[in-house]
Amino acid sequence: MKDYLTLDDFPIKNQRILVRVDVNSPMDPAGKILDDKRFRGHLPTLRDLEEARVVLMAHQSRAGKKDFTTLEAHARRFSQLLHREVTYVDDIFGSHARESIRAMKPGDVILLENTRFYAEENISRPPEEHAKSHMVKQLYPLFDLFVNDAFAVSHRSHLSVVGFTEVLPSAAGRLMEKEIDSLDMGVRGNEHPSIFVLGGTKADDSIKVIQNVFNRGGVDQVLVTGIVATVFQMASGIDVGEKNREFVKGLDYSGQISIAKDLLDKNPGKIVVPQDVALDKDGERLDVAIEKIPPNLQIADIGLETIVDFSKKIREAEIVVLNGTAGIFEKEKFALGTAEILKAATEAGFSIAGGGHTSAAIEELGLEPKFSHVSTGGGASISYLSGDQLPGIEALKKAASRYRK
Ligand code: 3PG
């Protein structure tokens, strides 16, 4: 039995349902939504709620950023994808919003204004405190059920994520369920070989994930790429050259080297460090063994031999979890490692990918349909894989224990 409730636990028809979604998306200066992956992720939930009165709550960006804007374009995009009218209401919980909600009929869908326009939304507080806010007090009497389908923002203890679960019966949406089930499969490593491939620039986050998976057990090997690999190469005593040492120092990862060394010592043979790298020599790719890295060239990708070795391990895995790119994917010459690793992952038994850059690369390569699960979460998926408790999910569990009594 799941420790949270789902849409299967509640009546839906004619019900008044408040759904937190996360459609925070890249937008161009003209207000066009550039990527609708997160919208598509919510469609299974919205289809299952077809016979209810559905009010969607969401945020876009953060105060002070250029794309901190209204959700008008988001309502239009939802309408196109759902093939049903999704009405944008330019209010969050004022009288206009409340009147619009009261006037709804079964089958209607409303998208309220950007929740982050309301300052209290953005304060990290426990659910019981958020539940006392004006927003919750004004809105909750209008609903029968709260649904959190916004996995990607569930690492934030924000008002619209955790406030309603205190006062309304609450369920996880379909996307939330899929995120939790898939990421759990990766972390538990129930089938073998089960491997993690961690890259990108956030070495501290990746190291936390490695600590978690080895503490829990179940994962057979971790392959490191990107800056994460450079930190592990330094931890194994490899001379990565002055330029790369300075780069790691500039990212404030000097302290991570001893943690990486400790992990290597305590888990012999389990962390696989690339044995060759591709250097950026005046924009050209220069593949060299790690013993031969010169002082003044930047590591920009994993090397060709590593690509072959890692791809084989990944293809043969029953479960593979990927987070972070292997090199500078934006530069054609250094996109090879990321592209080959992602292609190999589609041949593994079960493939899970997380993180903004990784999913953007998957999308660019057209590989999304071949992955078992591409997480909609950036920060949320890395927190989950690190073993952190996500406030949005914990709030759902708390609501379930109260409801089941
Ligand atoms: C995201 O894009 O990762 C989520 O929507 C959370 O956004 P935030 O980092 O601005 O809280």
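Reader: In this predicted model, how far is an oxygen atom of the ligand from an N or O atom in the side chain of Arg116?

Author: Arg116 is one of the residues around the ligand. A polar contact is a pair of N or O atoms within 3.5 Å. The side chain of Arg116 places an N or O atom from an oxygen atom of the ligand at a distance of 2.9 Å.

Reader: Which residues are around the ligand?

Author: Asp22 has a side-chain N or O atom 2.7 Å from a ligand oxygen atom. For His59, a polar side-chain atom lies 3.0 Å from an oxygen atom of the ligand. The full set around the ligand is Asp22, Asn24, Arg38, His59, Arg62, Arg116, Ala152 and Arg156.

Reader: Where does Ser61 lie?

Author: Ser61 is not a glycine, yet it has a positive phi of about 60 degrees. Its place in the chain is the loop between β2 (53-57) and α2 (72-82).

Reader: Which residues does a cis peptide bond join?

Author: One partner, Pro193, is found in the loop between α7 (174-188) and β7 (194-198). Omega of this bond is about 0 degrees. The bond joins His192 and Pro193.

Reader: Are α8 and α9 roughly parallel or roughly perpendicular to each other?

Author: The axes of helix α8 (residues 203-216) and α9 come within 9 Å and cross at roughly 75 degrees. Angles of 65 to 115 degrees count as roughly perpendicular. The two helices α8 and α9 are therefore roughly perpendicular.

Reader: How many nonpolar residues are in the contact of α8 with α9?

Author: From α8, the residues that meet α9 are Ala203, Ser206, Ile207 and Ile210, and their partners in α9 are Val228, Val231 and Phe232. By class, this contact of α8 with α9 has no charged residues and 1 polar residue, and the nonpolar residues number 6.

Reader: How are α9 and α10 oriented to each other, and why?

Author: Helix α9 (residues 226-235) and helix α10 (residues 242-250) have axes that come within 11 Å. These axes cross at roughly 110 degrees, and the crossing is left-handed. The crossing angle falls within the 65 to 115 degrees that count as roughly perpendicular, so α9 and α10 are roughly perpendicular to each other.

Reader: Which residues of α9 and α10 make the contact?

Author: The contact of α9 with α10 has 5 nonpolar, 2 polar and 1 charged residues. Its residues are Ile227, Thr230, Val231 and Met234 of α9 and Asn244, Arg245, Phe247 and Val248 of α10.

Reader: What is the angle at which α9 and α11 pack?

Author: Helix α11 (residues 254-266) meets α9 with the axes 8 Å apart. The two are roughly perpendicular to each other. Their packing angle is about 75 degrees.

Reader: Which residues in α11 meet α9?

Author: The contact of α9 with α11 divides into 8 nonpolar, 1 polar and 1 charged residues. In α9 the residues are Val231, Phe232, Met234 and Ala235. Those in α11 are Gln256, Ile257, Ala260, Lys261, Leu263 and Leu264.

Terms used: Residues numbered from 1 in each chain as written. Predicted model: local features only at pLDDT ≥ 70, side-chain atom pairs only at ≥ 80, totals over all residues. Heavy atoms only, no water. Axes fitted to C-alpha atoms, helices over the stretch in contact; angles between N-to-C directions. Helix = DSSP H or I, 4+ residues; strand = E, 2+ residues; numbered from the N terminus. Parallel < 35°, antiparallel > 145°, perpendicular 65-115°, else oblique. Left-handed = near helix turned anticlockwise from the far one by under 90°. Contact = heavy atoms within 4.5 Å. Nonpolar A, V, L, I, M, F, W, Y, C, P; charged D, E, K, R; others polar. Near = heavy atom within 4 Å. Polar contact = N/O pair within 3.5 Å; in protein donor to acceptor, adjacent residues only side chain to side chain.
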